[in-house]
Amino acid sequence: MTRDLITRARAGDGEAFRELTEPYRRELQVHCYRMLGSLQDAEDALQDTLLAAWQGLGGFEGRASIRTWLYRIATNRCLNALRSASRRPAKEWDVPEVEPPEPTRLGEVVWLEPIPDALLEGAMDVPLGPEARYERTESISLAFVTALQVLPPRQLAVLILRDVLGFHANEVADMLDSPAERAIVAKFVRAYELGDVDALVGLLTDDVSISMPPIPFEYAGRAAVARFHASLLGQGRRYDLVPTRANGQLAFGLYLRSPAGGIRHGTGLLVLTLTGDRICAFTRFDNSVLPWFGLPRSLPSR
């Protein structure tokens, strides 16, 4: 049935495309709402998703289900919106003839909008994957959606896809793989392996940070992070990077090259947090974690 609908939709049958996607429309709208916190923005992202799916159906290879494929498109449309959007600005107090007392604090998520329960019907009873960690009602509460909005975009997407919807880690990694990510990975690996601190710093946000548990040292801001990497990569010290993923994020095993070209010993794991096409955080772990990711303690000489 699904294969027939795909064939017809690829041939330009709009009704077949509607039958193919309509079962997922409501849950995709709720997914976009969780990511964006705004019902209006969610509806825009949903329409962009369906348009992209219609235009890209010829490229659907069937390696994942239609539902997973649609979630991939929707998630990346929302990430694009988060990276580029000027969110709805704060507005002035507008109750005539009422002067409010001084507020305790100012809220951060001023673009938050409610979603009617009527739009949740059919979206909240979909089967959740085994990775889901949140109850359905909790995952759509205003408090939960508000908390999501202050997360970096990719971390937000990973949390929703894994802990709310229960997709497997490899499915999430496939959904979030994008040309922008591949581009920054290539630039980062080249800069790090060459010891090019200036090129590395060019990939960072202004408020980038480094932490390295269990060592309590932390560095915040581009200048501090630049100094740290200058010391780490100074005196001709060079590393080879082996890619992996951790916590739904890009990660690399770090292997120190021997000056004599001998065995390259693993020194740790570096996990990157991205925002848009920039790196906003590094988290370094010692080499004891390398085997957890199927990475060797050392690499043979080159």
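Before placing Trp-93, I noted how elements are named: helices are DSSP runs of H or I with at least four residues, numbered from the N terminus. I also kept in mind that this is a predicted model.

**Entry 1: the largest pocket**

I looked up the largest pocket and found a volume of about 550 Å³. Its lining comes from 22 residues. Nearest its centre I listed Arg-63, Ala-64, Trp-69, Arg-72 and Asp-174. Next I asked which elements give two or more residues to this lining. They are α3 (39-56), α4 (66-84) and α7 (169-176). The largest share comes from α4, with seven residues. I then sorted the lining by class: seven residues are nonpolar, eight are polar and seven are charged.

**Entry 2: the second largest pocket**

I moved on to the second largest pocket, with a volume of about 390 Å³. I found 13 lining residues. Closest to the centre are Lys-91, Glu-92, Trp-93, Pro-103 and Leu-106. By class, this lining holds seven nonpolar residues, one polar and five charged.

**Entry 3: Trp-93**

Trp-93 caught my eye in the pocket list, where it is among the residues closest to the centre of the second largest pocket. Where does Trp-93 lie? I placed it in the loop between α4 and α5 (142-148). Is Trp-93 buried or exposed? Its relative accessibility is 51%, and exposed means over 50%, so Trp-93 counts as exposed. I also found Trp-93 in a nonpolar surface patch, together with Val-95 and Val-98. The area of that patch is about 280 Å².

Notes
Residues numbered from 1 in each chain as written. Predicted model: local features only at pLDDT ≥ 70, side-chain atom pairs only at ≥ 80, totals over all residues. Heavy atoms only, no water. 1 Å grid on protein atoms, 1.4 Å probe; cavity = no way out; pocket = protein on both sides within 12 Å on 5 of 7 lines; lining within 4 Å. Points joined across faces, edges and corners; volume = space filled by probe spheres on them. Nonpolar A, V, L, I, M, F, W, Y, C, P; charged D, E, K, R; others polar. Patch = residues over 30% accessible without salt bridge, like charges linked within 9 Å, V, L, I, M, F, W, Y side chains within 5 Å. Areas by Shrake-Rupley, 256 points an atom, 1.4 Å probe, with all protein chains shown as cover. Salt bridge = Lys/Arg side-chain N within 4 Å of Asp/Glu carboxyl O. Buried < 20%, exposed > 50% of the residue type's maximum accessible area, 1.4 Å probe, protein only.
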